[in-house]
Amino acid sequence: MRKILFSIILTIIMLPSICFAEPIIKSDSRTFDIIKGVYDLRGNVFVQFPVHGSNMTITGDMTKVYMYQQEVHGSGNITLSFDNMKFSCDKVDVYSKQRIAYLEGNMNFNSNGLNITSASGSYNWKTKIAIFNGNVKVNGESKPDNTKYNMETQSFIE
């Protein structure tokens, strides 16, 4: 009976690492709900995990990492980085299974001298397409909503 109970507890503890690549997590304070598989991180949050050959890094004030669902939701002074590209915003929702991140509030994107600002946007790391919405500006020049940028070719999509 003890072996069975021990096996069940060990399986529950190991589920996060089975479902999601084990992230590097740092924060001023954190809790982990073992049943739900949720990290609740507060203060100087740093979360990094491998995503298809590169690292995705999220920093901010508050973040929840849902290990079983493979999601990250953060708010307050958020940065989202993939290698040499960096997004900053007020709020981020990352859905790893769909390979997409939604960014909201005072969004700013920087990569290789390109600066794009907007109210919100998204980035799909499978297609390498970023979409910018609301008061879009590219290096200070106004652009239409739904401006699309291909990160791989470093060009705008008409």
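Biologist: Does N44 count as buried or exposed?

Modeller: N44 counts as exposed, because its relative accessibility is 59% and the cut-off for that class is over 50%. Please bear in mind that the model is predicted, and that each value discussed here is computed from it.

Biologist: Where does N44 lie, and what is notable about its phi?

Modeller: N44 lies in strand β3. Its phi is positive, about 45°, although the residue is not a glycine.

Biologist: Which other residue has a positive phi without being a glycine, and where does it lie?

Modeller: R99 is one such case, with a positive phi of about 60°. R99 lies in the loop between β6 and β7, whereas N44 lies within a strand. R99 counts as partly exposed because its relative accessibility is 25%.

Biologist: How should a buried residue be read, with D40 as the case?

Modeller: The class follows from the relative accessible area, and the limit for buried is under 20%. D40 has 19% and is therefore buried. D40 is placed in strand β3, residues 38-51. Leaving out residues up to four places away in sequence, D40 touches S29, R30, T31, T63 and K64.

Biologist: What are the corresponding values for S54, and which residues does S54 touch?

Modeller: S54 is buried, with a relative accessible area of 15%. Its place is in strand β4, which covers residues 54-66. With residues up to four places away in sequence set aside, S54 touches F49, F82 and D83.

Biologist: D83 has just been named as a contact of S54. In which turn does D83 occur?

Modeller: D83 is in the turn of the hairpin formed by β5 and β6, which has 2 residues between the strands. The phi of D83 is positive, about 50°. The two strands, β5 (residues 71-82) and β6 (residues 85-95), run antiparallel and are joined by 10 bridges. As an example of the register, H73 stands opposite D93 in β6.

Biologist: How does the pairing continue from β6 to β7?

Modeller: β6 and β7, the latter comprising residues 100-111, are also antiparallel, with 8 bridges joining them. One pair to inspect is F87, whose bridge partner in β7 is F109. The hairpin of β6 and β7 has 4 residues between the strands, and R99 takes its positive phi, near 60°, there.

Biologist: What does N110 show about proximity in space as against separation along the chain?

Modeller: N110 and F87 are 23 residues apart along the chain, while their C-alpha atoms are separated by 6.5 Å. N110 is placed in β7. Beyond its neighbours within four places in sequence, N110 is in contact with N84, M85, K86 and N115. N110 is partly exposed because its relative accessible area is 32%.

Biologist: Which pairings involve β9?

Modeller: β9 (residues 129-133) pairs with β8 (residues 114-124) in the antiparallel sense over 5 bridges. Within that pairing, S122 has I131 as its bridge partner in β9. The hairpin of β8 and β9 has 4 residues between the strands, and K128 in the turn has a positive phi of about 65°. β9 also pairs with β12 (residues 147-150), again antiparallel, over 4 bridges. There A130 has Y149 as its bridge partner in β12.

Biologist: How is a pocket found, and what is the volume of the largest one here?

Modeller: Rolling a probe the size of a water molecule over the atoms shows where empty space is left. In this model the largest pocket has a volume of about 300 Å³. Its lining comprises 19 residues, and N84, M85, Y123, K128 and M151 lie nearest its centre. By class, the lining has 8 nonpolar, 6 polar and 5 charged residues. K128 is thus a residue of the β8 and β9 turn and of the pocket lining. N84 and M85, also in the lining, are contacts of N110.

Biologist: What do the values for the whole protein add?

Modeller: The protein has 1 helix and 13 strands, and the helix comes before the strands in the order from the N terminus. Of the 158 residues, 40% are buried. Among contacts with a separation of 6 or more, 31% join residues 24 or more positions apart. The accessible surface comes to about 8,900 Å², and carbon and sulfur atoms account for 53% of it.

Methods. Residues numbered from 1 in each chain as written. Predicted model: local features only at pLDDT ≥ 70, side-chain atom pairs only at ≥ 80, totals over all residues. Heavy atoms only, no water. 1 Å grid on protein atoms, 1.4 Å probe; cavity = no way out; pocket = protein on both sides within 12 Å on 5 of 7 lines; lining within 4 Å. Points joined across faces, edges and corners; volume = space filled by probe spheres on them. Nonpolar A, V, L, I, M, F, W, Y, C, P; charged D, E, K, R; others polar. Pairing = 2+ DSSP bridges. Buried < 20%, exposed > 50% of the residue type's maximum accessible area, 1.4 Å probe, protein only. Contact = heavy atoms within 4.5 Å. Areas by Shrake-Rupley, 256 points an atom, 1.4 Å probe, with all protein chains shown as cover.
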